[in-house]
Amino acid sequence: MGLQQLITKYVPQGVFVITVRDGEKINGMTAAWVSQVSFKPRLLSVAIAPQRYTYDLIQNSGIFCINVLGEGQVELAKHFGFKSGREVNKFEGIDYTTALKGSPVLKDAIAYFECQVVSTCEAGDHVLFIGDILDHGVLKEGVEPLIFRWDDYFGGKG
């Protein structure tokens, strides 16, 4: 088992779709590196690689939305994770509404947190966007969050 697989196994993470609206452009990407980073104020962070289309849109808009996926939604995570929004409209055929500041909220998500970027921090090959929660909601009560398992997405390859 490779180091990344060990980390994934022993440092569990949820699975999320990070959505963003920048003017008329919308996009979403699957992410596992999401965390609460402060109680007062309530701050959440997401780590995104600078080469991602979502990175550019968040840089421009200053807003992002964390859509929490539930158990059994691996295919939805794959939908947003294995192609670029620069080339395809990931929202074609996907039902969504909008949060307070216009971020797409997936109707199939179990919860969402729309955040305004208050800080960024370089972290290796990713950048942490730290956001203050502006809007949030629970869309499906009683559903457990989806936990990232390497084999669900990469078939055991290291």
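Trainee: Which strands does helix H3 lie across, and at what angle to E2 does H3 run?

Mentor: In this predicted model, H3 (residues 74-81) lies across E1 and E2, and its direction is at about 125 degrees to that of E2.

Trainee: What makes glutamate 75 and lysine 78 a salt bridge?

Mentor: Their closest N and O atoms are 3.7 Å apart. The cut-off is 4 Å between a side-chain nitrogen of Lys or Arg and a carboxyl oxygen of Asp or Glu, so the pair qualifies. Both residues lie in helix H3, three residues apart, about one turn of the helix.

Trainee: Is glutamate 75 called buried or exposed, and why?

Mentor: Exposed: its relative accessibility is 57%, and exposed means over 50%. Lysine 78, at 25%, falls between the limits of 20% and 50%, so it is called partly exposed.

Trainee: How many salt bridges does a search of the whole structure find?

Mentor: Three. One of them joins the side chains of arginine 86 and aspartate 56, at 2.8 Å from N to O. Arginine 86 is in the loop between H3 and strand E6 (96-98), whereas aspartate 56 is in helix H2, so this pair links distant parts of the chain, 30 residues apart. Aspartate 108 and lysine 140 also meet in a salt bridge, with N to O at 3.9 Å, which is within the 4 Å limit. Aspartate 108 lies in the loop between strand E7 (104-106) and E8, and lysine 140 in the loop between E9 and helix H4 (150-154), so the pair ties together parts 32 residues apart in sequence.

Trainee: How do you know that cysteine 65 has no bond to the closest cysteine sulfur?

Mentor: That sulfur belongs to cysteine 115 and is 7.4 Å away. A disulfide requires 2.5 Å or less, so the distance is too far for a bond. A search of the whole structure finds zero disulfides. Both cysteines count as buried, because cysteine 65 has a relative accessible area of 0% and cysteine 115 is also at 0%.

Trainee: Why is E1 described as mostly covered?

Mentor: Five of its seven residues are buried. Buried means under 20% relative accessible area, so the description rests on that count.

Trainee: What makes E2 and strand E3 (34-38) edge strands?

Mentor: Each pairs on one side only. The open sheet has seven strands in the order E2-E1-E5-E8-E9-E4-E3, with antiparallel pairing.

Trainee: How do you know that E1 pairs with E2?

Mentor: Seven bridges join them. At least two are needed, so the strands count as paired. Isoleucine 18 has methionine 29 as its bridge partner in E2. On the E5 side there are four bridges to E1, and isoleucine 18 is partnered there by isoleucine 66.

Trainee: Which residues have the most contacts inside the largest nonpolar core?

Mentor: They are Ile18, Val46, Ile48, Ile58, Phe64, Ile66 and Phe129, in a core of 21 residues. H2 gives the most to this core, with four residues. Leaving aside neighbours within four places in sequence, phenylalanine 129 is in contact with residues including Leu44, Val46, Tyr55, Ile58, Phe64 and Val117. A second, separate core has 16 residues, among them Ala77, Phe91, Trp150 and Tyr153.

How values were computed: Residues numbered from 1 in each chain as written. Predicted model: local features only at pLDDT ≥ 70, side-chain atom pairs only at ≥ 80, totals over all residues. Heavy atoms only, no water. Core = buried A, V, L, I, M, F, W, Y, C linked by side-chain atoms within 4.5 Å. Buried < 20%, exposed > 50% of the residue type's maximum accessible area, 1.4 Å probe, protein only. Contact = heavy atoms within 4.5 Å. Axes fitted to C-alpha atoms, helices over the stretch in contact; angles between N-to-C directions.
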